[in-house]
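Biologist: I would like to learn how to read a model like this one. Please take me through its features in turn.

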Amino acid sequence: MSQTSIERLRDYLAQLPPQAQALLMREFERAIERGEDVAVATFVLEQLRKVVRGADDEARPRIDDPARLTFRSLEPFLVEGHLPARPGQIRRASLVPIWQWLVRDGVPDAFKEFEAALVNSRQSASASDLDRLVRKFQLAAAEAITRIATPVSGGDKQRALARVGPPDVIEDLLPIGAVLSAHEALDTLSGRLPSYLRIFAESQLTSAMAALNVPALQTPQVLPFALSLVMQRLSAPWQIIRLAIKVAASDDEIRVAATSYGVAVTMAPARSRIHRGKPARGHQARPVQ
């Protein structure tokens with residue numbers, strides 16, 4: 001696409017109301033998950049995100065460096081808008097209120113130490129030194145998030161959660177804490193996976209299972225994000241259910257749901273099912289000639 005055509009597309013997207021932009025983002029994200037016109041959907045979604053972020057920058061100051069460094073490991077899992085996120089996704093809109101809570105109430109002392117260390121390290125710190133600083137604060141943030149987000153009855157708990165943000169932000173608390181805590185394991189997984197999986201047959205399934213067979217990735221909180229990384233490499237994202245079928249050693253829905261990988265069925269595009277491609281009951285499948 002020519003530069004002029006791209007500029008026309010951005011101008012059109014910029015003229016849309018915010019609600020229409022959010023709805024359009026969600027539809028393109030769903031199209032990518034379904035494997036429909038992935039190249040076109042990815043390109044338009046990228047342009048739309050640039051338009052929306054540009055408008056956000058004009059409306060409010062950009063999040064400062066400590067926030068971007070802390071949350072950069074969440075990037076592969078972020079979705080736009082306030083619509084419900086499937087397992088393995090986090091709403092981008094939740095980052096600002098959660099960051100504000102971390103700085104104000106969650107880990108204020110750790111944040112001050114982190115901020116001061118960043119200032120001191122900007123001139124001479126190596127990339128590995130910076131990574132260690134970020135990792136230390138990520139773990140402190142994850143611990144604070146887990147502490148406040150773990151379900152416990154009581155008025156004080158509810159009042160503390162109310163200080164974080166509205167219900168959709170609170171829903172993203174534990175997922176964010178899980179990703180921050182398992183950042184290194186998720187990063188290693190991402191490096192082990194092929195950049196693109198056109199076919200997801202037995203050999204690819206076996207390799208993916210071996211890469212996923214890490215204790216830090218097998219918790220109920222982290223596994224959906226590990227599976228999301230696999231989904232992002234599949235030419236047909238619905239094929240993620242094949243991992244669940246392999247673990248269950250069966251395509252029976254009850255057996256699959258009983259495994260930890262049953263969440264893959266929930267994550268797969270809505271039009272796919274475990275029995276995808278099977279003949280309807282009462283009809284005999286024709287043998288291949």
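Biologist: Start with the lining of the largest cavity. How do its residues divide into nonpolar, polar and charged?

Modeller: First, the general idea. Rolling a probe the size of a water molecule over the atoms shows where empty space is left. Now the case here, in a predicted model. The lining divides into four nonpolar residues, one polar and two charged. Its members are Arg 26, Val 79, Glu 80, Leu 83, Pro 84, Ala 85 and Gln 89.

Biologist: How much space lies in the largest cavity?

Modeller: About 30 Å³. The count of cavities of 30 Å³ or more comes to one.

Biologist: Step back to the chain. How many helices and strands does it have?

Modeller: There are 16 helices and two strands. The chain has 289 residues, and 40% of them are buried. It exposes about 16,200 Å², with 54% supplied by carbon and sulfur atoms.

Biologist: And the contacts? What share joins residues at least 24 apart?

Modeller: Take contacts between residues at least 6 apart in sequence. Of these, 69% join residues at least 24 apart.

Biologist: Now a single helix. How many residues of H13 are buried?

Modeller: A general point on helices comes before the case. An α-helix has 3.6 residues a turn, so residues three or four places apart point the same way. Helix H13 spans residues 223–231, and nine of its nine residues are buried. Among them are Leu 223, Phe 225, Leu 227 and Met 231.

Biologist: What do the buried residues of H13 pack against?

Modeller: One strand is on the list, E2 (90–91). The helices are H10 (173–181), H11 (183–192), H12 (202–212), H14 (241–248) and H16 (263–267).

Biologist: Which residues touch the most other members of the largest nonpolar core?

Modeller: Leu 186, Leu 227, Ile 240 and Leu 243, in a core of 66 residues. Helix H7 (residues 127–149) gives the most to this core, with eight residues. Next, look at Ile 240. Leaving out residues up to four places away in sequence, Ile 240 touches Leu 227, Val 230, Met 231, Leu 234, Ala 264 and Ala 268. Another core, of 12 residues, lies apart from the largest one; Met 25, Ala 41, Leu 48 and Val 51 are among its members.

Biologist: One last residue. Why does Ser 121 count as buried or exposed?

Modeller: Buried means under 20% relative accessible area. Ser 121 has 12%, so Ser 121 is buried. Ser 121 is found in helix H6 (residues 108–121). Leu 133 is 12 residues apart from Ser 121 along the chain, and their C-alpha atoms are separated by 9.5 Å.

Terms used: Residues numbered from 1 in each chain as written. Predicted model: local features only at pLDDT ≥ 70, side-chain atom pairs only at ≥ 80, totals over all residues. Heavy atoms only, no water. 1 Å grid on protein atoms, 1.4 Å probe; cavity = no way out; pocket = protein on both sides within 12 Å on 5 of 7 lines; lining within 4 Å. Points joined across faces, edges and corners; volume = space filled by probe spheres on them. Nonpolar A, V, L, I, M, F, W, Y, C, P; charged D, E, K, R; others polar. Helix = DSSP H or I, 4+ residues; strand = E, 2+ residues; numbered from the N terminus. Buried < 20%, exposed > 50% of the residue type's maximum accessible area, 1.4 Å probe, protein only. Contact = heavy atoms within 4.5 Å. Areas by Shrake-Rupley, 256 points an atom, 1.4 Å probe, with all protein chains shown as cover. Core = buried A, V, L, I, M, F, W, Y, C linked by side-chain atoms within 4.5 Å.
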